[in-house]
Amino acid sequence: MVAAADTQTMQDYSSKEDEEVFMMLKKKAGDGDIDQHVFKEISRTVSLDAVRQLGVALDDNIGYLNGRVDFPILILRMDGEDLLDFIKDPSYESKMMTIFSNISIRRQFNGNEDLSVKDYFMEAVKQLTVDHGMPPSSDAFVMNNIIQPSLEAYFKNVSGDSRGCVPDDNMTTFLLEEFEKFGHILVQHLKEEPIIVAHTQITFDGSKIKKLLTNKSNLLEKALDMAVIEIQRDPKSVLLPCKEILLLMFDHLGPLTGLPPYEAIHQIDRIVDKVLMKIKAENEEQNMKIMENEDKVKHLKMLMRMLLEHIILELEANKPISVSSNSVIHT
């Protein structure tokens, strides 16, 4: 993915400032074991104040998951080496061909017959990620200090034919060759001004749900009872349709299932909605009145178990869902 770097643990830190950085990142990552969190390529040129900004970055991006799942925080020093590796990699050509092909298809669909070289480059660089060694182009600092200067430098060094529209004949070959030149300029700018990125990636594979369902201490039943009690405390909640009550319970169980709240991640929402239709939650009584009938409470908990079991099946039938976030740490 990214350039190899040493995994650092508490013993590796020699100064109080390093230790404070480490503990701060660990706190933001959650309360899991220290071995679950990888702190990669922490630059000694980054100030403590800059690292403190990571707290804001996480709160803005995936802070709603704090306490629900243990996720790694990777501090990446993007200095062009990974981007250069990508350019030299045998997969570079096929990857960029796919990107340029998609740009061309969108161009035709939108009626933009003539995209300039700059248009293609700008669209292409937006599709490169930290996996390719490219810091997020959505960050204003990256755009103003890395991408735009690289474009200016590229156009200063190319012939007139490469400045305007992309030629129709041999378009792919032209774009591949010219973008490689542009890529080397990006590499140089990153070498001169490395970008520090806080990278997080969370994968939802249903493993926590499995542990919950197979827990010998019947943890799920206890958690469901607590969720029902919480719902019963709100007179408005108990009058909701069955589907809405199930979604409330789903959110209550979040810290145990490792799943985000409903409406937090659309990929998870799609699975939940599909499963709710499968278990016919919409066809249940419109008003469960769970405070009035113990049998309805049991039925509700049974539906919740079915919901969790079917979510596991959906995640296993398809690829696990991964969500990532990249935030530039400004020094």
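Select F100 and show its surroundings: F100 touches Y120, A124, L175, L176 and F179, with residues up to four places away in sequence left out. Contact here means heavy atoms within 4.5 Å. The model is a predicted one, in which local features need pLDDT of at least 70, side-chain atom pairs count only at pLDDT 80 or more, and totals for chains, interfaces and linings use all residues. Residues are numbered from 1 along each chain as its sequence is written, and side-chain values use heavy atoms, with hydrogens and water left out.

**The cores**

Next, widen the selection to the largest nonpolar core, which has 43 residues; those with the most contacts inside it are M96, F100, F121, I147 and F179. A nonpolar core is a set of buried Ala, Val, Leu, Ile, Met, Phe, Trp, Tyr and Cys residues joined through side-chain atoms within 4.5 Å. Buried means under 20% relative accessible area, exposed means over 50%, and partly exposed is in between (1.4 Å probe, protein chains only).

Colour by element: β1 (73–78), α3 (81–88), α4 (92–109), α5 (117–126), α6 (140–156), α7 (171–192) and β2 (195–204) are the elements that give two or more residues to this core. Helices (H or I, at least four residues) and strands (E, at least two) are DSSP runs, numbered from the N terminus. The most comes from α7, with ten residues. The core lies between domain 1 (20–80 + 198–204) and domain 2 (81–190), because both give residues to it. The domain bounds come from an automatic or database domain assignment.

For a second, separate core, select I209, I245, L259 and L303, which are included among its 38 residues.

**A buried acid**

Go to D139, in the loop between α5 and α6. Which side chain of opposite charge is nearest to D139? It is K126, 14 Å away; D139 is buried yet has no salt bridge. Lys and Arg count as positive and Asp and Glu as negative, while His and the chain ends are not counted. A salt bridge is a side-chain nitrogen of Lys or Arg within 4 Å of a carboxyl oxygen of Asp or Glu. Leaving aside neighbours within four places in sequence, D139 is in contact with V328 and H330.

**Salt bridges**

By this rule there are nine salt bridges. Begin with D79 and R77, whose closest N and O atoms are 3.6 Å apart. D79 counts as buried at 18% relative accessibility, and R77 as partly exposed at 29%.

Then select K210 and E316, a salt bridge with the closest N and O atoms 2.5 Å apart. K210 lies in helix α8 (residues 207–213) and E316 in helix α13 (residues 294–317), so the pair ties together parts that are 106 residues apart in sequence. K210 is partly exposed at 42% relative accessibility, as is E316 at 44%.

E230 and R233 form another salt bridge, the closest N and O atoms being 2.8 Å apart. E230 is partly exposed, at 33%, and R233 is exposed, at 60%. To see a network of salt bridges, select E221, D225, K301 and R305.

**Positive phi**

Most residues other than glycine have a negative phi. N218 has a positive phi, near 60 degrees; N218 is in the loop between α8 and α9 (219–232) and is partly exposed, with a relative accessible area of 40%. End at E263, where phi is positive and near 80 degrees. E263 lies in the loop between α11 (254–257) and α12 (266–278) and is exposed, with a relative accessible area of 65%.
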